[in-house]
Amino acid sequence: MIILLNFFFISINNYAKIVVIVNKSNKIKVLSKSMLKKIFLGKKTRWNDGRKIKAINLHPSLIVRKNFEKEFLKMSPRKVQKYWIRQAIRGNIYPPVTLSYQSIVLRNVVQDKGAIGYVEKKFLKVKLLKWIKIIRIKK
C-alpha cells in the first residue's frame with residue numbers, strides 16, 4: 001500500500017511541474033482543460049483575436065509529453081497516436097509541430113505570437129518571462 005501511495009504522489013508531482021506557455025503578447029490568461037485539449041487535437045485553430053494557433057508538442061519518447069497527454073488531454077500516448085493517424089487518413093487536420101527539446105519549444109514560443117507549448121517548470125528562466133507567459137489551466 002505504501003508503494004502505491006508513493007507512486008501516486010510522484011505522479012501528481014510530475015504533472016504539477018508541467019507548465020503551459022504562450023507568447024507574452026497573447027491576451028489569454030486562463031484555459032480550461034477542454035479548450036487545451038481542443039487546441040492540441042487540432043479542433044481549435046484560432047485564438048479569440050483571430051490569430052492562428054501554433055500548437056507545439058514535444059517528441060513522443062519524452063516523459064514530459066507522456067505526462068502532458070495523460071494529465072491535460074486525458075489520453076494515453078497510443079490513443080493520441082491513433083487519433084492523428086485517423087486524422088491523416090481523412091485529411092482533416094494536422095498534428096501540432098513536434099520538437100525534440102524543451103529549449104526549442106521555449107524559443108518557438110518566444111518567436112511566434114500564436115504559439116502555445118508546454119515545458120517542465122525547471123526549464124523556465126526568469127529572463128524568459130519577458131517574452132513568454134505561463135497560462136493557468138482550470139478544470
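1. Let me start with Asp112, in what is a predicted model. Asp112 counts as partly exposed, because its relative accessibility is 25%. That falls between the 20% under which a residue is called buried and the 50% over which it is called exposed.

2. Asp112 is worth a look for its partner. Its side chain meets that of Lys54 in a salt bridge, at 3.9 Å from N to O. Asp112 sits in the loop between α5 (102–111) and β5 (115–120), while Lys54 belongs to strand β3 (residues 54–58), so this pair ties together parts that are 58 residues apart in sequence. Lys54 is partly exposed too, since its relative accessibility comes to 23%. If you filter contacts by distance, keep in mind that the cut-off here is 4 Å, and this pair comes in at 3.9 Å.

3. How many salt bridges does a search of the whole structure find? It turns up five. Another one of them joins Asp49 and Arg51, with 3.5 Å between the closest N and O atoms. Arg51 counts as partly exposed, with a relative accessibility of 27%.

4. Now over to Lys74, which you'll find in the loop between α3 (63–73) and α4 (77–90). Its backbone caught my eye: Lys74 isn't a glycine, yet its phi is positive, at about 55°. As background, most residues other than glycine have a negative phi. The positive value comes just after α3. As for its surroundings, Lys74 counts as exposed because its relative accessibility is 53%, and the threshold for that label is over 50%.

5. Lys74 also has a charged partner. It forms a salt bridge with Glu71, whose closest approach is 4.0 Å between N and O atoms. Is Glu71 buried or exposed? Glu71 is buried, because its relative accessible area is 18%. So this bridge has an exposed lysine at one end and a buried glutamate at the other. Glu71 and Lys74 don't stand alone, either: salt bridges with shared partners link them and Lys33 into one network.

6. Last, the helix that leads up to Lys74. Why can α3 be called largely enclosed by the rest of the structure? Because eight of its 11 residues are buried. Among them are the hydrophobic-looking names you might expect to see on such a list, Val64, Phe68, Phe72 and Leu73, but the buried set also includes Arg65, Asn67, Glu69 and Glu71. Glu71 is thus a buried residue of α3 that takes part in the network with Lys33 and Lys74.

Conventions: Residues are numbered from 1 along each chain as its sequence is written. This is a predicted model: local features need pLDDT of at least 70, side-chain atom pairs count only at pLDDT 80 or more; totals for chains, interfaces and linings use all residues. Side-chain values use heavy atoms; hydrogens and water are left out. Helices (H or I, at least four residues) and strands (E, at least two) are DSSP runs, numbered from the N terminus. Buried means under 20% relative accessible area, exposed over 50%, partly exposed in between (1.4 Å probe, protein chains only).
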